[in-house]
Every structure is written in structure tokens, then in C-alpha cells.
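Reader: I am new to this structure and should like to go through it in order. May I put some questions to you?

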Amino acid sequence: MNITLRPGRPGDAEACGLICYQAFCAIADQHNFQHDFPDAATAVGFVSFLLARNDIYSVVAEADGRIAGSNFLWENAVIAGVGPITIDPSAQNVAVGRRLMEDVMRRARERGFAGTRLVQAAYHNRSLSLYTKLGFDAREPLSTVQGPPLGIAIPGHDVRPATESDVDASNQVCFKIHGHDRAGELMDAIKEGTATVVEHAGRITGYATMVGFFGHAVGETNEDLKALIGAAQAFAGPGFLLPSRNGEVFRWCLQHGLRVVQPMTLMSIGLYNEPDGAFLPSVVF
Ligand SMILES: CC(C)(COP(=O)(O)OP(=O)(O)OC[C@H]1O[C@@H](n2cnc3c(N)ncnc32)[C@H](O)[C@@H]1OP(=O)(O)O)[C@@H](O)C(=O)NCCC(=O)NCCS
């Protein structure tokens, strides 16, 4: 099989989106897990969004002249984010994925990112093996958690919508926990109206860009994180990504009726600061 790589183009959305849908469905069906995308049109729309953004690098693989897969590198933060990478099920396990991973890793190095991260489905042996061989380390076991909104307030930890005037204080909390801020994503979320902050003792002690698959959250304490989760109107996408090692918040979620949808793994290569506080990672940065 002759594999070539080229940059993604807006016109690839249909073919790459369909592959994205089929690749995730195939592996989920093999393990009896729910599908990542509800239908092909949603996957096509998502890939179209990725291809249109100028802060997301895209690469398409062609095998014998036909599109066989794609990969993306999110370049909108201090740490680059990989994904989604998806290969046509009929072209898997013949090194297309490796080529697409090596390409975005090269790109991240050239762009000078201190670290690169991704989140993989923990039940997927092949992706776990491939990423590990390429140098990624498993950093955090995650549980995708879903359920009805909790509507729970934590006394002394008040949650309200975030505004632009909250950005500096929020960035400081993020810096304290992750060693870098995620200002760009926070600004985007504020503009879209999905961001919230939590205040304790008269100051901002945490924030969420969204409590969901594509959002991240940080809190100085578990009470801050519980307040953000408890106030969320919904958990967008398959669910939010909860570090499974945070037993206190995990138990609290389960006690309030939330359910585990699937296990995932946060992996990274290069700089990784062990978080110093409570957090929810996003599926990509
Ligand atoms: C995950 C995915 C991108 C990998 O792409 P691929 O083209 O199938 O994989 P490749 O052939 O390039 O690489 C697989 C590697 O894992 C190894 N591997 C596969 N299964 C393995 C196992 N059970 N144990 C150890 N190694 C294994 C292969 O030997 C190969 O190693 P090599 O590169 O050293 O030869 C692709 O399978 C896919 O699209 N899956 C569905 C969607 C998905 O899960 N995407 C990832 C989201 S995080």
C-alpha cells in the first residue's frame, strides 16, 4: 500500500468525517461501548469545524490515491493536543496511524511546543500500544461520566457565568494547578457563554470552560470542582472526563447518580506537570 500525507482541505470534510464516524463505531462495537458520535453527519460537521480553524493543524493520509484517514494537532494552547486520529477500518493496522501520528509529532516539535497530549479510549489496545511506542506516557486514568444535571450548590463555593474580567484570576488558578494557563480556550468559552467561575472567600478559586467532553475545569480544592460540576446545566458530548484517581469527587459523582460511560487515558509526551489541585481535562486542549 502506497501511503502519502498531505495537508487537510475543507473539501475533505465529507470523506474524513465519514471515516471518523466509522472508525470510532467499529472499535466501540467490538467492545460493546456506546458510539462517540450519534451519527455520521455529526462527525462530518465536527471534522469540517476542525478543517476550518487556523489554529488546528490537519493532515490527511491517502492510500493508493484514496483518503484513508486524518489527524489533527490543536495548536491553541501552551501544550499541543492531538486528535481525533481516525483510519478507515479497511486500512487499519498497516501503519497509516503511525505515519499520521509521526507527522503531528514532528509538527509539534517544529512549532516548539513544550509538550503534547491526547486522550485515548482505555479499552483500545492498538491506540494505547501505538502511542506508547511513539513515546507517550499514560499520565492519568480517566472516567467519562454522564447523567442528568445535578443542580447541587456547595455552601461557600458560589458558581456564576464567567466574564472577561475574570480571565486574569482564572488564569492564575490554572497556572497554579497546571504550571501554565489556558487563556485562549477560556476566552473562547467566555465568548460562547459556556464558561463558569467558582468563588470562595471572596475570590475566584476555579473555573470551567464547560463541564463536558470538550471543556476543561480547574479548582483549588475538590469543593470548587464539585461546585462547578454541581452547577452545570448539562454534560455536553459523551460526558466529562474525571480523573479516576480523584476518589473523593468520583464517589461524590456516583453517589449523586452519575454513571461511568467509558474509561479513558490521558497521555502525553514532553513537559507534563503533575496537577497541583483538582481538575477535569478536555478530550483535546
Ligand atoms: C488507533 C488508530 C488511529 C491506529 O491506526 P492504525 O493505522 O490502525 O495503526 P498502525 O498500524 O499505524 O499502528 C498500530 C501499532 O500498534 C501495534 N499494536 C496493535 N495492537 C497491539 C496490541 N494489542 N499490543 C501491542 N501492540 C499492538 C501494532 O503492531 C503497530 O505497531 P508498530 O507501529 O510498531 O508496527 C486506528 O486503529 C483507528 O482509527 N482506530 C479507531 C479510532 C480511534 O480509536 N482513534 C484513536 C482515538 S484516541
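The questions below concern the ligand, the strands and helices, and the backbone.

Reader: Which secondary-structure element gives the largest share of the shell around the ligand?

Author: This is a predicted model. Several elements, namely α1 (13-30), β5 (86-87), α3 (96-110), β6 (115-121) and α4 (125-133), each contribute at least two residues to the shell around the ligand. The largest share, 7 residues, belongs to α4.

Reader: Of the 22 residues around the ligand, which come nearest?

Author: A residue is counted as near the ligand if one of its heavy atoms lies within 4 Å. By class, the shell holds 10 nonpolar, 9 polar and 3 charged residues. Of the 22 residues around the ligand, those that come nearest are I87, N93, A95, G97 and R98.

Reader: How much of the area that the ligand exposes when taken alone does the protein bury?

Author: Oxygen atoms of the ligand have polar partners in the protein: a backbone N or O atom of I87 is 2.9 Å from one ligand oxygen atom, and a polar side-chain atom of K133 also lies 2.9 Å from a ligand oxygen atom. For H124, an N or O atom of the side chain is 3.4 Å from an oxygen atom of the ligand. Taken alone, the ligand exposes 960 Å², and the share of this that the protein buries is 77%.

Reader: In the open sheet of 5 strands, which are the edge strands?

Author: The strands of this open sheet follow the order β8-β9-β10-β11-β14, with antiparallel pairing. An edge strand pairs on one side only, and this holds for β8 (158-161) and β14 (278-280).

Reader: Which residue of β14 is the bridge partner of V218?

Author: Strands of a sheet pair through backbone hydrogen bonds, either parallel or antiparallel. Strand β11 (residues 217-219) and β14 run antiparallel and are joined by 3 bridges. The partner of V218 in β14 is F279.

Reader: At about what angle does helix α7 run to β9?

Author: Two helices may be described here. Helix α5 (residues 167-178) lies across β9 (196-200), β10 (203-208), β11 and β14, and runs at about 75° to β10. Helix α7 (residues 222-231) lies across β8, β9, β10, β11 and β14, and its angle to β9 is about 135°.

Reader: Which residue of β13 is the bridge partner of E140?

Author: Strand β13 (residues 259-270) pairs with β6 in the antiparallel sense over 7 bridges, and in β13 M267 stands opposite L118. Strand β7 (residues 137-146) also runs antiparallel to β13, to which 9 bridges join it. The partner of E140 in β13 is L266.

Reader: What kind of peptide bond joins G83 and P84?

Author: Most peptide bonds are trans. P84 is found in the loop between β4 (80-82) and β5. With omega at about 0°, the bond that joins G83 and P84 is cis.

Reader: What is the phi of N32, positive or negative?

Author: Most residues other than glycine have a negative phi. N32 is located in the loop between α1 and α2 (40-52). Although N32 is not a glycine, its phi is positive, at about 60°.

Methods
Residues are numbered from 1 along each chain as its sequence is written. This is a predicted model: local features need pLDDT of at least 70, side-chain atom pairs count only at pLDDT 80 or more; totals for chains, interfaces and linings use all residues. Side-chain values use heavy atoms; hydrogens and water are left out. A polar contact is a pair of N or O atoms within 3.5 Å; within protein, one must be able to donate a hydrogen and the other to accept it, and residues adjacent in sequence count only if both atoms are side-chain atoms. Accessible areas come from the Shrake-Rupley method with a 1.4 Å probe; for residues, only the protein chains shown count as cover. Helices (H or I, at least four residues) and strands (E, at least two) are DSSP runs, numbered from the N terminus. Ala, Val, Leu, Ile, Met, Phe, Trp, Tyr, Cys and Pro count as nonpolar, Asp, Glu, Lys and Arg as charged, and the others, Gly among them, as polar. Two strands pair if DSSP finds at least two bridges between them. Contact means heavy atoms within 4.5 Å. Axes are lines fitted to C-alpha atoms, for helices over the stretch in contact, and angles run from 0 to 180 degrees between N-to-C directions.
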